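Please look first at the sequence and the model shown here, and keep both in view while reading the report.

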Amino acid sequence: MTETPKPRYASWTTGKLPLPELREMKRRGEKIVMVTAYDAPSGRLADAAGIDVVLVGDSSGMVVHGRESTVAVTLDEILFMTQWVSRGAKRPLVVADMPFGSYEVSDEQAVANAMRLVKEGGADAVKLERGGTTVARAGAIVAAGVPVMGHVGLTPQTATVLGGFKAQGRTAERARLLLEEASALESAGCFAVVLEAVPATVARTITQALGVPTIGIGAGGDCDGQVLVWHDMLGYYEGHAPRFVKRYADLGEAITEALGRYAEDVRSGAFPEEQHTYAMPPEELAAFEAAKKD
Ligand code: KIV
């Protein structure tokens, strides 16, 4: 049996990992571990495994809800999932992904929706994609008192503009732009920046340039932390996982095998057994049988 890792950090009364600790971890050279989760049991399991940050990602649109992209994910979907995850994940910081269309219109829209995720969803922080106009939105949300995580590189919400789910920052010009975007997000007050699908060398430069932690996904080992999508890393997703995913389990196979045995047992009568059924006192049974005859 694997032992549950002990919390490595000082925490406040609720046991929550204090947000400033992430910056301290970067300073100490300790890697930050982040994973997505979409419901209470996965939040609880991530907590039990000693994960630092749990992201209620809009990747849910694809891996949970079977869509082709994250574009159609709604604020209400993220809100419900954030409520579920935050009931399960106590120590990890819970970051709610702001879905496409929930922060682009104005600072007011961005702040109001971020507030909902914190007040109604129980999120500790929110995440926004892209640089550009997102920088001002991130600044407005931070100014309103909600911590913000940035996200640059491959930004799935605007994959159409990027020409698909492709690595970003592979030319000197695009790499320079990424560095500028990440630095602008830091200046706007973001407490961390996700770097998705960018060359490891570019991610290293950005990581060295930023005071706040970078969290990589397909961005090499020099980022201050790593994030993976729950279903991808646990083999619980039918689609094609990106090349940067390392599979740590094959839950899809385990579940199919278990369901197959269940179906076999039901069809053969091997399930349910005595232990799975309820008895009744013999005198009550006798009375019931007698009543039937009347
Ligand atoms: O939605 C998501 O899961 C994400 C991660 C890939 C960083 O944004």
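The report below describes the ligand and its surroundings, then the pockets, and then two details of the backbone.

## About the model

This is a predicted model, in which local features need pLDDT of at least 70 and side-chain atom pairs count only at pLDDT 80 or more, while totals for chains, interfaces and linings use all residues. Residues are numbered from 1 along each chain as its sequence is written, and side-chain values use heavy atoms, with hydrogens and water left out.

## The ligand and its shell

The residues around the ligand, meaning those with a heavy atom within 4 Å of it, include Thr 36, Leu 55, Asp 58, His 151 and Glu 196. By class, this shell holds 3 nonpolar, 4 polar and 4 charged residues; here Ala, Val, Leu, Ile, Met, Phe, Trp, Tyr, Cys and Pro count as nonpolar, Asp, Glu, Lys and Arg as charged, and the others, Gly among them, as polar.

Oxygen atoms of the ligand make polar contacts, that is, pairs of N or O atoms within 3.5 Å, with side chains of the shell: the distance is 2.5 Å for Ser 59, 2.9 Å for Lys 127 and 3.1 Å for Asp 97. Taken alone the ligand exposes 260 Å², of which the protein buries 96%, where accessible areas come from the Shrake-Rupley method with a 1.4 Å probe.

## The two largest pockets

A pocket is an open set of points, on a 1 Å grid over the protein atoms alone, where a 1.4 Å probe fits with protein on both sides within 12 Å along at least five of seven lines, and its lining residues have an atom within 4 Å of a point. The ligand sits in the largest pocket, which requires that more than half of its atoms lie within 2 Å of the grid points. This pocket contains about 760 Å³ of space, a volume being the space filled by probe spheres set on the points, and its lining has 18 nonpolar, 7 polar and 9 charged residues.

The second largest pocket has a volume of about 270 Å³, and among its 17 lining residues Gln 226, Val 227, Leu 228, Met 233 and Tyr 248 lie nearest the centre. Its lining divides into 11 nonpolar, 5 polar and 1 charged.

## Two backbone details

Most residues other than glycine have a negative phi, and most peptide bonds are trans. The peptide bond from Phe 271 to Pro 272, however, is cis, with omega near 5°, and Arg 130, although not a glycine, has a positive phi of about 80°.

Conventions. A polar contact is a pair of N or O atoms within 3.5 Å; within protein, one must be able to donate a hydrogen and the other to accept it, and residues adjacent in sequence count only if both atoms are side-chain atoms.
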